[in-house]
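Here are my notes after going through the model. Have it open while you read; the points follow the cysteine pairs and then one strand pairing.

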Amino acid sequence: MFRPKGKGFSRSGTSLSSMCGPGCRGREQASLLLAFLAGAAFHGASGLRTTPSRPLATHAPLSANCAAFVEHFDSPGQQVCAGKSFGDPPASSARRLAIVVRGESFRSGQGQGDREDGVTSSSWTKQREASQSHLEHVVRPLEECGYKVDVFLATYGHRPNPVSRNATKDLVGFYKYSVRATLVVDPARKASYTQSRMYGEAMDLLSKYHHKRNVNYDAIFVIRHDVIFKQSLLELPDVQWHNFLFVFKELGFWDNRVGDVLQWVPWRYANCAVKCGLQGHHGDCLMEEAGPGNFGYILPGEHNSNTRSESNPLYKLVRGAPHERHTAVLLACGDPLGPEPARDGHTSIASLFAVDRTGVDSALAVLGKAFEKHVLTPNNQHVVDTHNKVDVMAHCWSPVPEAAFREAFHPVKLAIEDMGPLEAVFNGKPGVGHHYWGSIAWAYSAKRAMELLQQHESETGSVYHRVVFLRPDSLMLKDLDLDVVMLAANDPGVHGGSDDGNSADFHLAMSREVASGFAGLYDYLSWQHPAQSYHWIKSFVEGQLQSTILPDDIVSGQDEVRYWKIPSFLKGSCKGSKHMERLRAVGFGEPEARKLGLDC
């Protein structure tokens, strides 16, 4: 056993400051000293270590979440798979859980497939965040349910660095009283290790402790060091904790692909986990060993294990930003903002301007409030990294009250273009129907908005995963939540088109990849594929993009309406209209109604 030396301690010179980071003083150092001394030292690459248990508080009665969880382990049963790694469970619940944390620690966060785990100031801070989330969302909630929780750490050693004299001891210190045994692989041997080998040796670490201490558990929770939990396990609804659980079906669920970041192993399946090992994203072996009805998933639906590509409600990984799916809204105009002009066939620029635009400023105030309430708020509410908040790029035709437009939508990129020089070009585009000229103008505007997005990506290094095309004069009266509409970051569909994609009057949501193709709509127009008042977008999506319009639950003419068509939406009067409450919620009142000629 080692003893504290001077202001720091440890045989290898780990200081308190290196454990708790820059600025750690006083009480924090004293707390870490007590925690670390309680843990003693770990021995060798795979030596066992023990720590005094944290005193468990007694809670009576159990909370509803605790009671529901405990019920799953009333009858543990025998080991399903033969093997010597783990013995049969006790006759009743052991009220004890094992958490096995495996893999690289202090990861650099450079992305999928990155195995760099050199300790930097950033990676040290991120690892502490991840380890603390294990305590906050797994260990402590289980302890509050009366469970004793033991943690087993399996990771690679770290070479000397200026941030920490002994990063592995820092790692043990993050977990304080809970660590029971550690496996530390010499970094010189790391190249010979795979995820599967590390998984196997981590389970062997637990097996040795189980036999030496004659300790059984209700379940084993296997997680990676770079997992940052967002919420408590016990808050997840309808989880069948008595089954072997994968975290979720891996996106593109073919050949039984599953997420490999987390595994929940009830004790009776422990030998099965050893027998099958970690097979990456393939769940066949464990599914077969557990048998039908005895395996499942912690989260419903299909997800991407890499949270840089897609977020999920349970965890994120230590990765470079973004952790969440980054969304861009592209505002594209078919006409200059204002009442729709009367027109027939080829439209002149003069006819577009021959309308009363005195109410545009007040209209933008309402449109901006509706946009904030029903587009920005639902899509920003779960975003942790502020860099991943929804960004807006906009292209519109002059005249536009620029200050009012910016106040309404807060675009990071805005282009206001004079339509005059394009009149001859638009008139030369083939089209059918008395509104087709506005359709051509919208397709061009959508193309220009996409160019603004590409320019912003190039300038800032931003990576967008989802794109929404929307007219700025489209008044949203219902939440457009893309986490509900688009389950996958690489979703091949075009979502929205609440009029079945017949026109560009309403929202269209799609992946960034699909959006690149969709921006080619303007260049696609030809005599074989003319612009039309209706059906033309649907025809393009199905024929050219080989995709499908997937309507969502936002109903055109009810949940989404063109601002200057509100009079027909209200059937000429505010009085007695069932829609006025929702309109008032976004700032549309009697003054705005009167500007549209409504009797309110």
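1. Ground rules. A disulfide here is a pair of cysteine sulfur atoms within 2.5 Å. By that rule the count comes to 4 disulfides, and three of them are covered below. This is a predicted model, where local features need pLDDT of at least 70, side-chain atom pairs count only at pLDDT 80 or more, and totals for chains, interfaces and linings use all residues. Residues are numbered from 1 along each chain as its sequence is written, and side-chain values use heavy atoms, with hydrogens and water left out.

2. Cys 81 and Cys 272. The sulfur atoms of this disulfide sit 2.0 Å apart. The link is right-handed, with 95° about the S-S bond. It connects distant parts of the chain: Cys 81 is in the loop between α3 and β3 (96–102), while Cys 272 belongs to helix α7 (residues 270–276), 191 residues apart. For the element names, helices (H or I, at least four residues) and strands (E, at least two) are DSSP runs, numbered from the N terminus. Cys 81 and Cys 272 are both buried, meaning under 20% relative accessible area (exposed is over 50%, partly exposed in between; 1.4 Å probe, protein chains only).

3. Cys 66 and Cys 145. Here the sulfur atoms of the disulfide are 1.9 Å apart. The S-S torsion is about -75°, so this disulfide is left-handed. Cys 66 lies in helix α3 (residues 64–71) and Cys 145 in the loop between α4 (121–144) and β4 (148–156), so the pair ties together parts 79 residues apart in sequence. Both Cys 66 and Cys 145 are buried.

4. Cys 276 and Cys 285. This disulfide has its sulfur atoms 2.0 Å apart. Its torsion about the S-S bond is about -75°, so it is left-handed. How buried is each partner, by relative accessible area? Cys 276 comes out at 9% and Cys 285 at 19%, and that still counts as buried.

5. Strands β15 and β16. Away from the cysteines, take a look at β15 (residues 391–397), which runs parallel to β16 and is joined to it by 5 bridges; two strands pair if DSSP finds at least two bridges between them. One such contact has Trp 397 with Glu 417 in β16 as its bridge partner. Between the strands the chain passes through helix α11 (residues 402–409), a right-handed β-α-β crossover. Right-handed means that, with the strands pointing away from the viewer, the path from the first strand over the helix to the second runs clockwise.

6. Burial of β16. In strand β16 (residues 413–417), 4 of the 5 residues are buried, so the strand is largely enclosed by the rest of the structure.
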